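Student: Could you walk me through this structure? I have not looked at it before, and I would like to take it slowly.

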Amino acid sequence: MHPALDKAAEIEANRKRYEELKAAGDTAAPRALPPPTPRDTAPIAESAVIHRETIPGGWYTTLRLKAGTALRLVNTSGTSGVSLFAWNANDPSERYNSADTVKIQWTSELRKGRVLFSDMGRVLFSIIEDTTGAHDTIVGGSTPASNARKYGDAALRSTRENMLLAAGKHGLGLRDLAPVITFFAPVIVDASGRLVWRDGVVGTGDFVDLRAEMDVIIALSNCPHPLAPDARFAPGPIEAIVHAPPVAAEDDLCRTATAEARRGFDNNARQARI
C-alpha cells in the first residue's frame, strides 16, 4: 500500500478509536452532586436513633457501627474540626486511607455523594448528608507539636494522642493509625499552593451523615484543626448520633456517582462473598 494511504488509514483508525473511547467516557461521566444539605432539613426520627452521645471539647470517643447504620456528627457549638479514623471491624488491618480517598475520586472536596475509601480499595463510608462540603483529608489532626506552635502548650489535648487512646481500647496502636479526616475544617489550596483556612464557612448547627458500608470501628477526636484561626484552645462539644438511615436504593447517589465509587462497592461485594 502507498505510504500516504497507510498514514490515512492509521489516522482514521485512531480517530475511530478516539470516538469509541469518548462515547464510553460520556456514558460513564460522573453524576452531578447536589448542593449542601440545608441545616434545618434531614431530621432524624427519634425511633431511628440507636445511640447518642456528646463529646466534650478536647476529648474523644470510639464506637462500633454495623454496615447500613449511619453516624451523624453535629457541630453543636461551632467548633473548628472533628477528626475521624476508621478500621474494618472484622479485620482492623484494613483502615481508612486519606490519600486513596482523594486520588481515587480525583478530588479533595469531600461532600454529599462522595465516599471514604480503605487502603484495600473498598468503601468504608458514604457521605449521605452534609451541610458544608468543607472537610479536610490532607493536613491531618493536631499533635503536641502543632499545639506547641499554635498555643504555646504541647500538653494540651491533641488528636494524635486521642487517636492513640481510642486505638488502644481495641488492642490497636501506633502502627494501626494513619492520617485522619477532619470534618468541619474548611481547608483549601490557595493560588500559591499553600493550605489555608476559609473563615465563615462552618458554623453552629452544621452536620454530616456517614453511612457505614461495612462493619467498622471508629475513633473520633474533638480537637481544633491545626490551621483553625482560634487564638486559644477552647473547643466546644459536638454530638455523635448513630441512627438507622433509609436503606440505600439501587440508584443511590454515593454508589453510582462515579465509576471509581462503583468499583469500590464492587470490591465490597466481592469481599462479602469470600
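Tutor: We can go through salt bridges, a few single residues and the pockets, keeping in mind that this is a predicted model.

Student: Okay, salt bridges then. How many does the structure hold?

Tutor: The structure holds 16 salt bridges. As background, side chains of opposite charge can pair when their charged atoms come close.

Student: Which residue does Asp206 form a salt bridge with?

Tutor: Asp206 pairs with Arg39, and the closest N and O atoms of the two are 2.8 Å apart. The pair links distant parts of the chain, with Asp206 in the loop between β9 (195-197) and β10 (207-212) and Arg39 in the loop between α1 (3-27) and β1 (49-55), 167 residues apart.

Student: Is Asp206 buried or exposed?

Tutor: Asp206 is buried, with a relative accessible area of 1%, whereas its partner Arg39 is partly exposed, with a relative accessible area of 44%. Partly exposed is the right label for Arg39 because its 44% falls between the limits of 20% for buried and 50% for exposed.

Student: What else does Asp206 meet through its side chain? I'm thinking of Thr131.

Tutor: The side chains of Thr131 and Asp206 make a polar contact of 2.7 Å. Thr131 itself lies in the loop between β6 and α3 (144-151), and at 11% relative accessibility it counts as buried.

Student: And what does the side chain of Thr131 reach at 3.0 Å?

Tutor: At that distance, the side chain of Thr131 reaches the backbone nitrogen of Phe207. Setting aside residues up to four places away in sequence, Thr131 touches Pro36, Thr37, Pro38, Arg39, Asp206 and Phe207, so both members of the Asp206 and Arg39 salt bridge are among the residues that Thr131 contacts, contact here meaning heavy atoms within 4.5 Å.

Student: Let's switch. Where do Lys66 and Asp215 lie?

Tutor: The side chains of these two residues meet in a salt bridge, at 3.9 Å from N to O. Lys66 is in the loop between β2 (60-65) and β3 (70-74) and Asp215 is in the loop between β10 and β11 (216-221), so this pair ties together parts that are 149 residues apart in sequence.

Student: Why does 3.9 Å still count for Lys66 and Asp215?

Tutor: The distance of 3.9 Å still qualifies because a salt bridge needs the nitrogen to be within 4 Å of a carboxyl oxygen. As for its surroundings, Lys66 counts as exposed, at 57% relative accessibility.

Student: Where is Glu213 found?

Tutor: Glu213 is found in the loop between β10 and β11, and it is buried, with a relative accessible area of 12%.

Student: Which residue does Glu213 form a salt bridge with?

Tutor: Glu213 forms a salt bridge with Arg211, where the closest N and O atoms are 2.7 Å apart. Arg211 counts as buried too, at 4% relative accessibility. Through salt bridges that share partners, Arg211, Glu213, Asp252 and Arg255 are joined into one network.

Student: So what joins the side chains of Glu213 and Arg255?

Tutor: A polar contact of 2.9 Å joins those two side chains. Leaving aside neighbours within four places in sequence, the residues in contact with Glu213 include Ala67, Val123, Phe125, Arg255 and Phe265.

Student: New topic, pockets. How much space lies in the largest pocket?

Tutor: The largest pocket holds about 310 Å³ of space. Of the 23 residues that line this pocket, the closest to its centre are Ile128, Glu129, Arg211, Pro245 and Pro246.

Student: Which element gives the most to that lining?

Tutor: β6 gives the most to the lining of the largest pocket, with 3 residues, and β6 (123-130), β10 and α5 (253-256) each supply at least two. By class, the lining has 15 nonpolar, 2 polar and 6 charged residues.

Student: What about the second largest pocket, what is its volume?

Tutor: The second largest pocket has a volume of about 230 Å³. Its lining is made up of 14 residues, and the closest to its centre are Gly141, Arg160, Ala178, Pro179 and Val180. By class, that lining has 8 nonpolar, 5 polar and 1 charged residues.

Student: Last one: what does Ser98 touch?

Tutor: Not counting residues up to four places away in sequence, Ser98 touches Thr137 and Pro179. Ser98 has its place in helix α2 (residues 98-105) and counts as buried, at 12% relative accessibility.

Notes
Residues are numbered from 1 along each chain as its sequence is written. This is a predicted model: local features need pLDDT of at least 70, side-chain atom pairs count only at pLDDT 80 or more; totals for chains, interfaces and linings use all residues. Side-chain values use heavy atoms; hydrogens and water are left out. Helices (H or I, at least four residues) and strands (E, at least two) are DSSP runs, numbered from the N terminus. Buried means under 20% relative accessible area, exposed over 50%, partly exposed in between (1.4 Å probe, protein chains only). On a 1 Å grid over the protein atoms alone, a cavity is a set of points where a 1.4 Å probe fits but cannot get out, and a pocket is an open set with protein on both sides within 12 Å along at least five of seven lines; lining residues have an atom within 4 Å of a point. Grid points are joined across faces, edges and corners, and a volume is the space filled by probe spheres set on the points. Ala, Val, Leu, Ile, Met, Phe, Trp, Tyr, Cys and Pro count as nonpolar, Asp, Glu, Lys and Arg as charged, and the others, Gly among them, as polar. A polar contact is a pair of N or O atoms within 3.5 Å; within protein, one must be able to donate a hydrogen and the other to accept it, and residues adjacent in sequence count only if both atoms are side-chain atoms.
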